[in-house]
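Please work through the following exercises with the sequence and the structure side by side, and try each task before reading its solution.

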Amino acid sequence: MNFIDSYKKLEKLCSEIYGDNHGISLYIDEMTNTPQGSRYVNNWHEDLKQLKHYRWVRNQIVHEPGCTEANMCKSGDIQWIIAFIPG
């Protein structure tokens with residue numbers, strides 16, 4: 001599985017949860033608006049930071065000329081997204 005496919009899988013899950021096509025962005029917004037989330041969820045701030053970064057990486061790959069998975073992704077990015085998806 002490549003980065004974009006992993007991201008799409010997470011986007012689909014979040015979109016189904018929120019009933020909107022911009023599921024990851026809505027999830028990020030909800031996390032941002034829940035400042036005490038770190039009291040209840042380990043790695044809350046780190047997860048939020050990673051999700052924002054991966055959304056930015058996805059946008060760069062999709063919208064910017066010359067940006068590809070090969071030059072935008074680091075080893076472990078795909079594994080992080082897969083591990084973040086429940087189930």
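The exercises below each set a task and then solve it step by step.

The model is predicted, and local features need pLDDT of at least 70, side-chain atom pairs count only at pLDDT 80 or more, while totals for chains, interfaces and linings use all residues. Residues are numbered from 1 along each chain as its sequence is written, and side-chain values use heavy atoms, with hydrogens and water left out.

**Exercise 1.** Determine whether Ser15 is buried or exposed, and list what Ser15 touches beyond four places in sequence.

*Solution.* Begin with the place of Ser15, which is in helix H1, residues 3-18 (helices are DSSP runs of H or I with at least four residues, numbered from the N terminus). Next, take the relative accessible area of Ser15, which is 15%, and compare it with the cut-offs: buried means under 20%, exposed over 50%, and partly exposed in between, with a 1.4 Å probe and protein chains only. Ser15 is therefore buried. Finally, leaving out residues up to four places away in sequence, Ser15 touches Asp20, Asn21, His22 and Gly23, where contact means heavy atoms within 4.5 Å.

**Exercise 2.** Find the salt bridge of Lys12 and state which residue is its partner.

*Solution.* A search of the whole structure finds one salt bridge, a term that requires a side-chain nitrogen of Lys or Arg within 4 Å of a carboxyl oxygen of Asp or Glu. The side chain of Lys12 meets that of Glu16, at 2.5 Å from N to O. Both residues lie in helix H1, four residues apart, which is about one turn of the helix. As a last step, consider accessibility: Lys12 counts as exposed because its value is 52%, and Glu16 is likewise exposed, with a relative accessible area of 52%.

**Exercise 3.** Decide how the rings of Trp80 and Phe84 are arranged.

*Solution.* A pair of aromatic rings is described by the distance of the centres and the angle of the planes. Rings of Phe, Tyr and Trp (its six-membered ring) pair if their centres lie within 6.5 Å, and planes under 30 degrees apart count as stacked, over 60 as edge-to-face and the rest as tilted. The structure holds five aromatic pairs. For Trp80 and Phe84, the centres are 5.0 Å apart and the planes are at 10 degrees, so the pair is stacked. In sequence, Trp80 and Phe84 are four residues apart in helix H6 (residues 77-84), so about one helical turn separates them. Trp80 itself counts as partly exposed, at 21% relative accessibility. To finish, place the pair in its surroundings: Phe3, Tyr7, Tyr27, Tyr54, Trp80 and Phe84 form one aromatic cluster.

Definitions and conventions
Helix = DSSP H or I, 4+ residues; strand = E, 2+ residues; numbered from the N terminus.
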